[in-house]
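Trainee: I have just opened this entry and would like some help reading it. Could we go through a few features together?
Mentor: Gladly, let's have a look.

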Amino acid sequence: MKLSALALLSLAAGTQATHEYRAHHAKRQAPGSPNAPVSTITTAASTAHSSNAGPSAVNPSSTTGTGSAATNKPTPTGPPLYPIPPPQGNVPPLSKITSGMPSVATQPVPTTYKPGASAPIEGAPPLPTAFVFRQADWPPQDTIPDTNSPEVQAWMKELDGIDIPNYKPTVDGSCGGDPAAAADAQNRGWWTCGGWTRDTDVTACPDKYTWGVSFDDGPGFYTQQLLSYLDEKDIKATFFVVGSRVIERPNVLIEEYMGGNEISVHTWSHKHLTSLTNEQIVAELGWTRKAIKDVLGVTPTTMRPPFGDIDDRVRAISLAMGMVPVIWTRTPSAGQFDTNDWKVAGGVVTGIDSFNSFQGILGNASIIDTGFIVLQHDLYDITVELATGYTLNAAQTHNPPFTLKPIGQCMSIPSSDMYRESNTNKTFPAKPVSDDAVSGHNAGGGSSSASLNAAATGTLPGLAVLLSFTIVLVQALF
Ligand SMILES: [Zn+2]
């Protein structure tokens, strides 16, 4: 069966018929052989993102960073499925990492870098004048910004002439909340319900045993603790930052960026983007982009949708605003490369459960043909301790060891391409599809789906294109 699939693959790669098939169908994310066995541990433990459950950007100013942890006791579970490693550094034993645990003291943020300091990115401007927060300059934190503001109205012009599929916003970004949209998930490339992606999405590092390390929802109270650990181990990561947090802790963002980590947009108030109007999506992305620019002097060319909640409408808006969507890896059987660290902070699972999920991820990562991208968080003390005490070390001491890289690096994207000010690449981010290029555009979005794929052709690593052919063929064969 494999041989015939391969033979068909080479035949079909050059045929218009296959191209058309692919162009009209979103591909289901699958970073390797769709027939590969996949650890049931990860699959069982990691399905929550397809519902409206998921990590939430709790404002640590008002909650100490662990959200409702104190009120939700983790469900008792069986014995650990893997040997529990000794903790690294001052981190508590894994069995003690549960919601409600005492918070560790936060580390002070060093102010190593002054305005005018040279950027770590070739072609990027030096650090701007020190950021001073003035409430009147910003929307209220953790709420969807007003779409009538002059800023949002100006950013809306970036969508002029771009083909934005006119899907109605989903009810709440969950499959169960909007069955009609969920039934149309493949057509609209909705990741939440079925893992549908487009070629323009970044979903997995191409090289096997390479982990694209990322931390979401900060900068938080405990991010500095994580940064110290990363520095000590010479690990760099991608930080998907929330605008409402950036304006609270600009100095932490500076430490992340100047320390050689990558910075990416993760919206202003961490809502499900498919549930928002076009204007609201523009506001969420625009204000976060502006916050990062004001603090660092650079504008990211990538973004991650909260909860991975993206469809063709959200994609088109992101690309129109110059941001490439980055999600995390998902296996063909819906196992996500999600550490579930956010569930520990939320009191739903224990630290041991989360580590079991992570071991499942490493098991899956050993099976698939590509590398992978993992969802982790730096907003909570618990999630930082799981990373610094356990997961990062487990990957490095694994046999064979995993190579840890920020996502841009693992994708071989030059660091200068990661920011608008230093980017000289004309094809990254991929140009969004203009209205003129679309004939017979309709409300169903079929033509825009095709256009989005067409726009991506030639701008992505050959591996991704080959992979999508493989998936289409295997879907057709089995
Ligand atoms: Zn998030």
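Trainee: How close do the axes of α8 and α15 come, and at what angle do they cross?
Mentor: Keep in mind as we go that this is a predicted model. To read a helix pair, look at the distance between the axes and then at the angle. Here the axes of α8 and α15 come within 9 Å, with a crossing of roughly 25 degrees. Angles under 35 degrees count as roughly parallel, so α8 and α15 are roughly parallel to each other. Their crossing is left-handed.

Trainee: Which residues make the contact between α8 and α15?
Mentor: On the α8 side they are Gln225, Leu226, Tyr229 and Lys233, and on the α15 side Val384, Ala387, Thr388 and Leu392.

Trainee: Where does α15 bend, and by how much?
Mentor: The bend is at Ala387 and amounts to about 45 degrees. Ala387 is also one of the α15 residues in the contact with α8. For the length, compare the end-to-end reach with the expected span: α15 covers residues 381-396 and reaches 22 Å from its first C-alpha to its last, close to the 22 Å expected.

Trainee: Is α15 mostly covered or mostly exposed?
Mentor: Mostly covered, as 13 of its 16 residues are buried.

Trainee: Let's turn to the backbone. Which peptide bonds should I look at for the cis form?
Mentor: The clue is the omega angle. The bond from Gly218 to Pro219 is cis, with omega near 0 degrees. Pro219 sits in the loop between β4 (214-216) and α8 (223-233), so you can find this bond by starting from a helix we have already met. The bond from Phe428 to Pro429 is cis too, with omega near -10 degrees. Look for Pro429 in the loop between α16 (407-410) and α17 (446-456).

Trainee: What is the phi of Tyr209, and where does this residue lie?
Mentor: For phi, check the sign and then the residue type. Tyr209 has a positive phi of about 65 degrees, although it is not a glycine. Its place is the loop between β2 (196-197) and β3 (210-212). Tyr209 counts as partly exposed because it has 17 C-beta neighbours inside 10 Å.

Trainee: And is His270 buried or exposed?
Mentor: His270 is buried, because 26 other C-beta atoms lie within 10 Å, and the cut-off for buried is 20 or more. His270 also has a positive phi, about 60 degrees, without being a glycine. You will find His270 in the loop between β6 (262-265) and α11 (278-296).

Notes: Residues numbered from 1 in each chain as written. Predicted model: local features only at pLDDT ≥ 70, side-chain atom pairs only at ≥ 80, totals over all residues. Helix = DSSP H or I, 4+ residues; strand = E, 2+ residues; numbered from the N terminus. Expected span 1.5 Å × (residues − 1). Bend = angle between axes of the 7 residues up to and from the residue. Buried ≥ 20, exposed ≤ 12 C-beta atoms within 10 Å, placed from the backbone. Axes fitted to C-alpha atoms, helices over the stretch in contact; angles between N-to-C directions. Parallel < 35°, antiparallel > 145°, perpendicular 65-115°, else oblique. Left-handed = near helix turned anticlockwise from the far one by under 90°. Contact = placed C-beta atoms within 7 Å.
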